[in-house]
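Ready for some practice with helices and cores? Open the structure, keep the sequence beside it, and work through the exercises below.

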Amino acid sequence: MRTSTVPGPCSPALQNSARIVVLIRHSAPEVDPSRPAYDWSLSAEGVSLCEGLASELERFLPAVMFSSPEIKAMETAERIGLHLGIGFSVREELREHRRPSVFLPQSEFQEDIRSFFAAPDSIVYGSESSNDVATRIEAEVRHALTDHPAGNILMVTHGTAMTSFTSRYTNADAYSLWKSLDLPSFVAFGLPSFDIVDSVGIALDEAVAGR
């Protein structure tokens with residue numbers, strides 16, 4: 001996994017954060033065009049990559065973990081949990097952006113996502129705008145913080161959902177940010193300001209430069 005040049009695990013930003021919330025993009029799925037993406041499971045490579053992901057997440061000493069209800073997300077959370085010795089709970093609102101389940105050629109899909117991020121207040125692809133998704137994820141993050149008032153939190157979600165939330169707290173170009181995401185990847189936010197204090201598998205600096 002690629003490591004961004006945002007502040008690393010020994011940085012003052014990370015050390016001085018009262019709490020950390022980490023949004024995680026699930027690991028690599030087994031792509032099956034005959035089935036909706038929300039039914040995809042992890043590929044053999046995706047399962048293998050979870051070990052390195054979990055090792056990267058150890059430094060946050062997480063107290064609790066949540067997952068989207070999609071299979072690939074829950075399988076990612078399960079693998080992380082096996083490594084870290086924690087369980088996870090499913091939270092419906094960590095799901096991906098609601099959009100048609102028809103499998104599209106990659107070029108067409110990317111153009112739809114470009115349009116989605118280009119008009120963040122409008123419903124141009126699927127049934128949610130980018131800001132709708134960001135608001136949904138933020139509400140779920142804040143609910144988790146209220147329900148668990150101590151310790152750091154891991155939340156396994158999806159690329160478009162994670163990007164919509166992350167772009168709310170940065171000046172990065174959302175589409176560039178989304179395109180840069182690895183499977184898996186994560187962004188860690190320090191509280192209470194939601195500054196990004198660490199990330200892996202995301203070209204955050206390049207997305208900011210491309211703004």
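**Exercise 1: two helices side by side**

Helices α4 and α6 run roughly parallel to each other. Keep in mind that you're looking at a predicted model.

Task: work out how α4 and α6 are oriented, and which residues make the contact.

Solution, step by step:

1. Find α4 at residues 106–118 and α6 at residues 159–168. Their axes come within 12 Å and cross at roughly 25 degrees.
2. Angles under 35 degrees count as roughly parallel, so that's the label for α4 and α6.
3. Now the handedness: the crossing of α4 and α6 is right-handed.
4. Zoom in on the contact. From α4 come Ile113, Phe116 and Phe117, and from α6 come Thr160, Thr163 and Ser164.
5. Sort these residues by type: you get 3 nonpolar, 3 polar and no charged.

**Exercise 2: into the core**

Task: find which members of the largest nonpolar core touch the most other members, and which element gives the core its largest share.

Solution, step by step:

1. This core has 34 residues, and Leu23, Ile137, Val141, Ile153 and Met155 touch the most other members.
2. Check where the core comes from. Elements that each supply at least two residues include β1 (19–25), α5 (130–147) and β4 (152–157).
3. The largest share, 5 residues, comes from α5.
4. Pick out Val141. Skip its neighbours within four places in sequence, and you'll find it in contact with Val21, Leu23, Met155 and Phe194.
5. Don't stop there: another core, of 16 residues, lies apart from this one, with Ile24, Phe60, Ala77 and Val200 among them.

Note on methods
Residues are numbered from 1 along each chain as its sequence is written. This is a predicted model: local features need pLDDT of at least 70, side-chain atom pairs count only at pLDDT 80 or more; totals for chains, interfaces and linings use all residues. Side-chain values use heavy atoms; hydrogens and water are left out. Axes are lines fitted to C-alpha atoms, for helices over the stretch in contact, and angles run from 0 to 180 degrees between N-to-C directions. Helices (H or I, at least four residues) and strands (E, at least two) are DSSP runs, numbered from the N terminus. Angles under 35 degrees count as roughly parallel, over 145 as roughly antiparallel, 65 to 115 as roughly perpendicular and the rest as oblique. A crossing is left-handed if the near helix is turned anticlockwise from the far one by less than a right angle, and right-handed if clockwise. Contact means heavy atoms within 4.5 Å. Ala, Val, Leu, Ile, Met, Phe, Trp, Tyr, Cys and Pro count as nonpolar, Asp, Glu, Lys and Arg as charged, and the others, Gly among them, as polar. A nonpolar core is a set of buried Ala, Val, Leu, Ile, Met, Phe, Trp, Tyr and Cys residues joined through side-chain atoms within 4.5 Å. Buried means under 20% relative accessible area, exposed over 50%, partly exposed in between (1.4 Å probe, protein chains only).
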